[in-house]
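Here are some comments for a colleague who is opening this entry without having seen it before. They are set out as numbered points, to be read with the sequence and the model side by side.

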Amino acid sequence: MPSRTRGLVHRATPYAGLAAVLAVALATGAPGLLVFPLFLILVLSVALFDDRAQLVAIGSAAALAILVLAITQLGQMYNLATAVFEVAVLGIVAGSVHEVVRHAREAEATSEKKAEDLESVDERLRMTLEAATIGLGTVAADGRWLQVNDKLAAILGRGSDELLRMSLLDVTAEADRRAVDDALGQLGRREIVRWESEVHQARPDGRRSPVALAMAAISDQGAGQPLVLVQETDISARKRLDAMRDAVVGVRQVIVSASSWEQAAPTLLRSLCAHLDWDLAQYWSADGERRSLSLQTSSHKEGSNLDLDDPVRNLSIQVGGGLVGRVWQSGVAAYLDDLAANDYEQAGAERRAGLRATVAFPVIGGGSTIGVIELLAREVRHTESDLLSMLSTIGVEIGQFIQRAATAQALSRSEADHRAIYERSPIGIARVSGDGELLEGNPALLQMLEHDMETMRSQAWPDLLRAYDQAAGRARLAPLLAGITDQRGVQIRAATGGGRWLWLQLTATSIPDMSGRPEHMLVMVEDVTTVREAQDRLAEALDAQRGAFATLEKLDRTKTEFLSIVSHEFRTALTGIQGFSELIRDGGLETDEVRAYGGYIFNDADRVNRLIGDMLDLDRMESGRMSIRLADVDINEVMSDVMARASSSSTVIAEFKADLDPRLPIVTGDRDRLVQVVTNLVNNAVKYSPDGGTVTLSTRADGGFALVSVTDTGLGIPTDEIEHVFERFRRVRSGAAQSIPGTGLGLTIVKQIVEMHGGKIWVESAVGHGSAFHFTVPLAAEHATPLQRRHA
Amino acid sequence: MPEPATVGYGSSVVLVADDNEVAQRLCRRVLEKAGYMVLIAGDGQQAVDIALAENPNLILMDVAMPTMDGLEAMRQIKAARPEMRVVIASAHSMASDRERFLAAGADDVLSKPFRLGDLVAVVARLTAKPSA
């Protein structure tokens with residue numbers, strides 16, 4: 001045991017020294033005064049150690065040695081008294097030194113102990129700080145971090161070193177920064193000693209984490225600079241639970257106050273967004289056959305400015321397609337933390353709109369998934385399982401609500417519909433018992449027939465049924481009661497209570513009871529009076545229109561024919577005019593030739609002129625712009641004149657015969673126009689007598705009129721054409737007459753002129769025997785007898 | 001009533017069927033000057049008779065004629081002599097008329113009034129011998 005040996009050596013050394021000094025002193029007889037300091041040194045050296053027992057032992061030994069020396073050296077200048085004195089000094093010195101040393105030792109031990117204690121406190125504090133479940137740190141009055149623990153660094157999402165280069169304000173969310181800054185100022189100025197609040201801290205990844213922030217002023221004795229102890233607790237879990245609870249409450253509130261899902265959906269989705277802090281919520285509704293989902297409602301968080309109006313956005317989802325489709329298929333809530341990191345094929349528009357995270361949960365009603373609600377957020381986030389189970393619960397509640405609301409709505413709608421149909425229908429509806437009694441009649445029925453319910457039931461209805469049976473021609477009600485629905489309806493004539501006669505259309509339907517046996521009937525009664533009348537009027541109008549159309553068509557046809565005829569006439573005339581004038585122009589002709597050709601040209605030009613004249617005349621007459629200048633006219637003279645001119649024409653081969661009444665009175669008329677009429681009739685007679693024959697001109701008095709006739713023995717007019725000969729552009733086209741030229745205007749003009757004179761014109765004709773045209777002109781007034789006037 | 005040609009050296013014979021005397025004279029004057037022998041018919045029936053009797057090289061046929069119109073005459077002539085050339089010369093000049101005449105079998109159509117040069121040209125073209 002070396003330590004014990006060293007202890008023994010340590011303890012023995014003073015004694016050995018003492019013995020040595022004593023031995024030397026005894027041997028040399030050195031004076032006590034000389035030896036004393038040596039003893040003193042020895043004792044003092046022991047006294048310096050904090051070992052009181054050894055000090056007393058050494059001291060006693062030293063005192064004994066001094067006494068021994070004094071005794072052995074008696075008689076010399078060294079005596080006992082001196083020795084005693086020396087012993088006393090020795091004792092005092094040793095005691096006080098020991099005391100001093102002890103004291104010093106004690107003081108040293110105390111301070112060491114204190115230091116040790118301090119050190120352990122500090123260590124404990126540090127460990128506490130480090131191990132604390134709450135974030136702790138200190139900041140200067142300006143917010144600069146001085147110390148942070150790991151937990152705080154974790155809460156703030158930054159490294160400790162990084163934090164120490166930042167300020168509390170830097171890591172506080174902007175919304176709360178002002179308040180924290182104010183609090184720091186107040187703490188620094190010692191206006192308050194403690195400040196607590198729930199604030200959001202901004203993490204470097206952009207997330208805002210909710211914390212309970214407590215700050216207390218503490219003093220740093222050394223620098224005298226105010227320090228603030230900062231304590232932060234992560235309350236996101238608590239907040240999340242609160243939010244989830246609020247979300248459930250919010251959903252239930254919406255559900256209980258809404259009457260339909262359509263009404264509830266936007267509010268509900270907005271509430272989910274707000275409480276759970278998602279940017280967008282979408283409700284995908286399954287179609288009737290549950291083959292695809294389509295986006296039904298979409299709501300975003302207030303203030304969240306999302307633009308999802310992407311035309312290529314997939315608004316229909318198939319089973320199993322995308323997250324939503326998978327949730328629909330599986331009926332289990334699911335999530336994606338990061339759309340960008342997943343191949344979420346349906347979410348192109350969502351990704352483009354900057355949405356990153358999504359969670360979807362099924363809406364379950366009646367045991368199957370009827371829709372899916374999808375929540376989307378701009379930032380990547382981790383979805384906890386408790387959120388999923390909470391959402392699943394909500395999904396079931398919403399599903400139940402949707403089913404309830406739909407059923408209630410459908411019920412109330414069908415009931416309201418039926419009632420409205422019955423009450424407000426413009427059609428009379430009667431409910432009739434199996435034996436034909438009127439059970440109920442709607443307002444329209446009573447109003448239509450102008451009866452109250454009582455007379456309706458007792459009188460009008462039985463009458464109506466009789467009329468129905470008569471019209472339907474079958475035994476009363478039997479077919480109806482057998483369950484036959486009369487879809488076509490029967491129209492009957494019925495009088496109203498006010499005496500008006502109506503056309504009514506009755507359509508009966510039998511209504512079976514639960515067992516399918518016809519229980520009663522519904523009879524629809526429609527007032528079709530206006531329809532019937534309108535149909536009649538329409539038929540009339542249609543007839544009239546058909547007539548008008550035929551007229552128009554005829555007019556159009558005659559117009560086309562007229563154009564064809566007129567152009568043919570013009571072109572025929574122009575053929576000679578153009579051809580012969582071209583010959584003359586080209587020269588090289590004999591004088592006789594030129595003269596002859598000039599004659600042809602003149603004749604054809606004259607013909608064209610007449611054609612144009614006819615057309616203009618007719619136009620003027622028809623538009624009322626031609627007037628006749630009435631004067632006394634000798635019609636016989638007109639006839640002779642025209643005949644003379646006609647018979648002088650070299651081309652005419654017919655014979656002319658005059659049968660004029662010499663006593664015929666003067667007529668009232670326009671001579672030029674009457675000449676035109678007679679000329680036209682004579683020309684026609686000649687024209688339609690291609691093989692010659694006789695043209696007879698005759699006159700005689702007939703009542704107050706002169707009757708004028710032009711008769712030929714020519715082709716005659718077919719019976720079916722006779723009534724048309726005076727129509728415009730109408731020419732006899734059959735047989736030999738078809739190629740006889742003419743404008744088709746001549747007789748029309750003739751008729752116009754005759755009628756302008758107050759006369760009439762007509763024709764008698766037979767094919768192959770010739771035609772006789774007759775017209776009348778009123779006699780001049782002084783020649784008319786009373787009888788003749790009556791005729792007029 | 002066939003009329004003899006006044007110019008004897010023309011090798012081709014043209015029958016002009018037209019009821020209009022002025023047109024008859026014009027065509028005769030122009031075609032004889034051009035070296036053709038010209039026959040004249042005053043209506044459709046005459047045209048058929050002369051055509052079958054005289055075998056003209058070409059018939060210039062009006063349409064609107066008494067007793068038988070030009071189209072019927074052409075039909076009868078073509079039925080008997082399919083190779084006989086017939087030019088319809090008509091004052092019917094509606095857009096559809098030309099088609100109507102060609103469909104009826106006309107070899108060409110000449111609209112009245114015509115340029116004398118056109119008349120000569122159409123006659124020359126249809127009377128030319130294939131070898132010439």
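1. A term is needed before anything else: a residue is called buried under 20% relative accessible area, exposed over 50%, and partly exposed in between. Arg25(B), with a relative accessible area of 35%, is therefore partly exposed. Please keep in mind throughout that this is a predicted model.

2. Arg25(B) has a charged partner, since its side chain meets that of Glu21(B) in a salt bridge with an N to O distance of 2.7 Å. Both residues belong to helix H1 of chain B, which covers residues 21-33, and they stand four residues apart, about one turn of the helix. Glu21(B) counts as partly exposed too, at 43% relative accessibility.

3. The helix that carries this pair, H1(B), lies across E1, E2 and E3 of chain B and runs at about 170° to E2(B). Helix H4 of chain B, residues 95-103, also packs on the sheet, where it touches strand E4 (85-90) and E5 of chain B, and its direction makes about 145° with that of E5(B).

4. The sheet itself is an open one of five strands in chain B, ordered E2-E1-E3-E4-E5, with parallel pairing. Its edges are strand E2 (37-41) and strand E5 (108-111) of chain B, each of which pairs on one side only, and the twist from one strand to the next averages 20°. Within the sheet, strand E1 (residues 13-17) and strand E3 (residues 58-61) of chain B pair in the parallel sense over four bridges, and the partner of Ala17(B) in E3(B) is Met61(B).

5. Turning to chain A, its secondary structure comes to 22 helices and 23 strands, and buried residues make up 42% of its 792 residues. Among the contacts in chain A with a separation of 6 or more, 59% are between residues 24 or more positions apart. The chain exposes about 42300 Å², of which carbon and sulfur atoms supply 55%.

6. Which residues touch the most other members of the largest nonpolar core? In this core of 77 residues they are Phe656(A), Val682(A), Phe775(A) and Leu119(B). Helix H19 of chain A, residues 671-687, contributes the largest share of the core, with eight residues. Leaving aside residues up to four places away in sequence, Phe775(A) touches a list of residues that includes Leu674(A), Val677(A), Val678(A), Leu681(A) and Trp762(A). Apart from this core lies another, of 37 residues, among them Leu269(A), Leu387(A), Met390(A) and Ala405(A).

7. The structure holds 33 salt bridges over all chains, and two in chain A may be inspected in turn. The side chains of Arg238(A) and Glu198(A) meet at 2.4 Å, N to O; because Arg238(A) lies in helix H8 (residues 236-257) and Glu198(A) in strand E3 (residues 194-202) of chain A, the pair ties together parts that are 40 residues apart in sequence. Arg238(A) counts as partly exposed at 39% relative accessibility, and Glu198(A) is likewise partly exposed at 39%. These two residues and Lys239(A) are linked in a network of salt bridges.

8. The other bridge joins the side chains of Asp142(A) and Arg144(A), with an N to O distance of 3.4 Å. Asp142(A) counts as partly exposed at 45% relative accessibility, as does Arg144(A) at 40%.

Key: Residues are numbered from 1 along each chain as its sequence is written. Chains are lettered from A and ligands numbered from 1 in the order in which they are written. This is a predicted model: local features need pLDDT of at least 70, side-chain atom pairs count only at pLDDT 80 or more; totals for chains, interfaces and linings use all residues. Side-chain values use heavy atoms; hydrogens and water are left out. A salt bridge is a side-chain nitrogen of Lys or Arg within 4 Å of a carboxyl oxygen of Asp or Glu. Buried means under 20% relative accessible area, exposed over 50%, partly exposed in between (1.4 Å probe, protein chains only). Helices (H or I, at least four residues) and strands (E, at least two) are DSSP runs, numbered from the N terminus. A nonpolar core is a set of buried Ala, Val, Leu, Ile, Met, Phe, Trp, Tyr and Cys residues joined through side-chain atoms within 4.5 Å. Contact means heavy atoms within 4.5 Å. Accessible areas come from the Shrake-Rupley method with a 1.4 Å probe; for residues, only the protein chains shown count as cover. Two strands pair if DSSP finds at least two bridges between them. Axes are lines fitted to C-alpha atoms, for helices over the stretch in contact, and angles run from 0 to 180 degrees between N-to-C directions.
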